[in-house]
Amino acid sequence: MEHILVYGASGVQGGAVARLLIKQGFTVRTITRSEDHVVSLREQGIDARIGDMNDLNSLLVANEGVDQVFLNLPIEFNSSAIESYTLNAVEAAKRAAVKRIVINTNGFLPEQPASTESLEIKRNMIELVKKSGIPWIVVRPTLYMENLLIPGVVGNHVLAYPIPADKPIPWINAEDAAQFHVYALSHPELTGRTIYANGAEALTGNQLAAQFTEALGRDIQFHSLAYDQFEAGLAAVMGAEQAAGVAGFYRWIGDNIEELLTRNAADRMIQLELKLTTIQGWIKRADIRPAFTGSAHVDSN
């Protein structure tokens with residue numbers, strides 16, 4: 001069975017991929033800057049080593065004997081940092097003669113260039129991989145259900161998120177996205193293709209709230225959160241630069257939400273092969289009931 005290098009295996013998205021790969025019999029390696037993460041990752045059967053994407057030498061060691069790479073970069077909005085990470089990952093993969101790089105776009109990416117920096121950072125990452133000459137597959141998830149766990153999004157009887165109340169979005173969770181990523185790693189015939197990783201169902205904000213209502217047994221109302229308010233809330237959690245990058249992404253989504261429904265026939269066939277989770281199934285599995293027992297308040301002015 002192949003040896004896969006998974007970047008970000010200590011995080012939500014990379015961790016889901018690593019666990020599924022191990023379950024399917026692959027050997028998984030990763031790097032982390034934390035000794036504590038090394039211990040916990042090794043307990044999961046992952047060959048975890050200390051490394052840093054800023055340090056090419058540590059990546060060279062991590063890529064030794066690797067067959068494929070799952071490139072899952074940190075969610076940062078510093079273009080020079082992301083470019084450095086990508087170039088180091090590509091150089092290390094090239095020297096190790098890996099067969100293929102599967103790229104995770106960490107969320108939706110439009111077909112055409114956008115004026116939003118957070119989207120263009122992702123596009124630049126993909127172009128750097130393509131220019132390397134290493135065979136590639138791009139996997140483009142839509143919006144992650146886990147984003148609904150951001151502090152302040154859910155609370156009391158309100159689901160507040162910066163999307164329209166009446167436009168459908170094919171939400172996907174990290175475990176389901178991992179199925180698409182592992183599918184790409186397992187199907188070399190997809191080399192040179194972009195795969196659209198859409199969730200099992202497309203729901204509007206109001207329909208999403210209805211699913212929360214049914215799953216939690218209490219009335220939940222959807223509130224289309226203002227972008228500035230969303231950004232201010234995020235800034236308190238992740239800092240101003242990260243918050244601005246995330247909010248910029250959602251501002252673009254608000255103007256171009258129809259693109260989220262893009263799906264070609266081949267990707268639909270892939271989707272049918274997978275066992276994807278419904279929104280309600282994820283709500284129950286994620287156990288987010290405690291978030292609705294507090295006194296969180298959303299100002300609708």
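This report covers salt bridges, one glutamine and an aromatic cluster in a predicted model.

**Salt bridges**

The structure holds nine salt bridges. Three of them are set out below, each with its N to O distance.

| Pair | Distance | Location |
|---|---|---|
| Arg 123 and Glu 120 | 3.2 Å | both in helix H5 (residues 117-131) |
| Asp 267 and Arg 193 | 2.8 Å | helix H10 (residues 265-273); loop between helix H6 and strand E9 |
| Arg 251 and Glu 231 | 3.4 Å | helix H9 (residues 240-255); helix H8 (residues 227-238) |

Take the pair within helix H5. Arg 123 and Glu 120 sit three residues apart, about one turn of the helix. Their burial can be read from relative accessibility. Arg 123 has 14% and counts as buried, because the limit for that class is under 20%. Glu 120 has a relative accessible area of 24%, and is partly exposed.

Asp 267 and Arg 193 form a salt bridge with the closest N and O atoms 2.8 Å apart. This pair links distant parts of the chain, with the two positions 74 residues apart in numbering. Arg 193 lies in the loop that runs from helix H6 (174-186) to strand E9 (194-197). Is Asp 267 buried or exposed? Asp 267 counts as buried, at 1% relative accessibility. Its partner Arg 193 is partly exposed, at 26%.

The salt bridge of Arg 251 with Glu 231 has its closest N and O atoms 3.4 Å apart. This pair also links distant parts of the chain: helix H9 holds Arg 251, helix H8 holds Glu 231, and they are 20 residues apart. Arg 251 counts as partly exposed at 29% relative accessibility. Glu 231 counts as partly exposed at 22%. Elsewhere, salt bridges with shared partners join Arg 29, Asp 47 and Arg 49 into one network.

**A glutamine in helix H9**

Gln 242 is placed in helix H9. Its relative accessibility is 19%, so Gln 242 counts as buried. Which residues does Gln 242 touch, leaving aside neighbours within four places in sequence? The contacts are Ile 75, Glu 76 and Phe 77.

**Aromatic cluster**

A search of the whole structure finds five aromatic pairs. In one of them, the ring centres of Tyr 161 and Phe 230 are 5.8 Å apart and the planes meet at 65°, so the pair is edge-to-face. The angle decides the class, because planes over 60 degrees apart count as edge-to-face. Tyr 161 belongs to strand E8 (residues 158-161) and Phe 230 to helix H8, so this pair ties together parts that are 69 residues apart in sequence. Both rings belong to buried residues: Tyr 161 has a relative accessible area of 0%, and Phe 230 has 4%.

Tyr 161 also pairs with Tyr 250. This aromatic pair is edge-to-face, with 5.3 Å centre to centre and 90° between the planes. Strand E8 carries Tyr 161 and helix H9 carries Tyr 250; the two are 89 residues apart, and the pair links distant parts of the chain. Tyr 250 is buried, with a relative accessible area of 2%.

Which residues make up the aromatic cluster? Tyr 161, Trp 171, Phe 230, Phe 249 and Tyr 250 form one cluster. A charged side chain joins the picture at Phe 249: Lys 122 lies over the face of that ring, 5.1 Å from the ring centre.

How values were computed
Residues numbered from 1 in each chain as written. Predicted model: local features only at pLDDT ≥ 70, side-chain atom pairs only at ≥ 80, totals over all residues. Heavy atoms only, no water. Salt bridge = Lys/Arg side-chain N within 4 Å of Asp/Glu carboxyl O. Helix = DSSP H or I, 4+ residues; strand = E, 2+ residues; numbered from the N terminus. Buried < 20%, exposed > 50% of the residue type's maximum accessible area, 1.4 Å probe, protein only. Contact = heavy atoms within 4.5 Å. Phe/Tyr/Trp six-rings, centres within 6.5 Å; stacked < 30°, edge-to-face > 60°. Lys NZ or Arg CZ within 6 Å of the ring centre and 35° of its normal.
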